[in-house]
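Hello,

Here is the structure I promised to pass on. Please have a look at it first, and then read on for what turned up in it.

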Amino acid sequence: MGKNIRVAVVGATGAVGRELLKVIEERNVQLEDIILLADPQEAGTQIPFKGNKLTVQAAGAEHFAKAQLAFFAVGTDISKALAPLARKNNCLVIDNSYAFRLDNEVPLVVPEVNIGDIAGHKGIIANPNCSTIIMAVAVNPIFRAFGLKRIIVSTYQAVSGAGIAGIEELKRNIQADTDNEVFEPKVFQYPIAFNVIPHIDEFVEAGYTREEMKMVYETRKILHYPDLPIVATTVRVPVYRSHSESINLEMEKEADIEEIRALMSEAPGIILQDDPSGNL
């Protein structure tokens, strides 16, 4: 992004929106202007940014006419309603919701994996599910070098995946347990403190949740491998931030562990840490 770019952040008051602002600030991205947008009920909220406080405004078409790029960090329904308005105003949308990920007209992009797909965009670029991104970045170099027959993946997903509400619920749950009080969950299906819950999003088909099927369909689209066999199990764990995954691959060609380590150490977006003798 150049310093003459005007950027809008839709969903600026949420966990993802605030994290995006932190990244822009930490990387000292120079912008001509940044417009913070959210639900009308949150208009007027002040958010710190580069030593100042920016005021959140109610999201509307008029703001997209003032921006060239908009990051959407909102739910699927809101993205479906607002993204076309941004596109009509020649504002490129980077959407973090599920709204357009499987749309054949919308590229689904992980920069380290399939950056070239951006070339075909028509005003909206979809950002994959968080767990899909982790898997795609890790699997891609192996896939390109040795091919893939199938993937089996289990995720251990932090409560931040459920937004600020998920983080706050874990905090309250831990305090309630400490105080020996009964805790009634609202965000998760069961108390999340000191627990693991193999249920993220709704159950949709063949006993799998939507979160699990997102990993299947999105990974196939990103890798341009529409019939890649993938089995995913997604589990919520009582960690505030940072998801983890265990990925088991069957490859088309044989490879030894040193070849895999060499690939991973050189792949974009990956830091290889593999020294058990040093507890690393």
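Two strands are said to pair if DSSP finds at least two bridges between them. Strand β2 (residues 33–38) and β5 are a good place to see this, as 2 bridges join them and they run parallel. One residue to look for there is L37, whose bridge partner in β5 is Q57. Please keep in mind throughout that this is a predicted model.

**The sheet**

That pair belongs to an open sheet of 6 strands, with parallel pairing and the order β5-β2-β1-β6-β7-β8. At its edges are β5 (57–58) and β8 (124–126), each of which pairs on one side only. As general background, strands of a sheet pair through backbone hydrogen bonds, either parallel or antiparallel. Helix α3 (residues 76–88) lies across four of these strands, namely β1 (6–10), β6 (69–72), β7 (92–95) and β8. Relative to β6, helix α3 runs at about 175°.

**Rings**

The structure holds 2 aromatic pairs. In one of them, the ring centres of F64 and F72 are 5.8 Å apart and the planes are at 20°, so this pair counts as stacked, the cut-off being under 30 degrees. Both F64 and F72 are buried. Elsewhere, Y98 has a charge over its ring: the charged end of K214 sits there, 5.2 Å from the ring centre.

**Two residues of helix α6**

Which helix holds N173? It is helix α6, covering residues 163–178, and E169 is found in helix α6 too. Are these residues buried or exposed? N173 is buried, with a relative accessible area of 0%, and E169 is likewise buried at 0%.

What do their side chains reach? The side chain of N173 reaches the backbone nitrogen of A193 at 3.0 Å. For E169 there are two such partners to look at: a polar atom of its side chain lies 3.0 Å from the backbone nitrogen of K186, and the side chain also reaches the backbone nitrogen of F188 at 3.1 Å.

Leaving aside residues up to four places away in sequence, N173 touches F183, P191, I192 and A193. Counted in that way, E169 touches F183, P185, K186, V187 and F188. F183 is therefore a handy residue to click on, because heavy atoms within 4.5 Å make a contact and F183 appears among the contacts of both N173 and E169.

Enjoy exploring, and write back with any questions.

Best wishes

Note on methods: Residues are numbered from 1 along each chain as its sequence is written. This is a predicted model: local features need pLDDT of at least 70, side-chain atom pairs count only at pLDDT 80 or more; totals for chains, interfaces and linings use all residues. Side-chain values use heavy atoms; hydrogens and water are left out. Helices (H or I, at least four residues) and strands (E, at least two) are DSSP runs, numbered from the N terminus. Axes are lines fitted to C-alpha atoms, for helices over the stretch in contact, and angles run from 0 to 180 degrees between N-to-C directions. Rings of Phe, Tyr and Trp (its six-membered ring) pair if their centres lie within 6.5 Å; planes under 30 degrees apart count as stacked, over 60 as edge-to-face and the rest as tilted. Buried means under 20% relative accessible area, exposed over 50%, partly exposed in between (1.4 Å probe, protein chains only). A charge sits over a ring if NZ of Lys or CZ of Arg is within 6 Å of the ring centre and within 35 degrees of the ring normal. A polar contact is a pair of N or O atoms within 3.5 Å; within protein, one must be able to donate a hydrogen and the other to accept it, and residues adjacent in sequence count only if both atoms are side-chain atoms.
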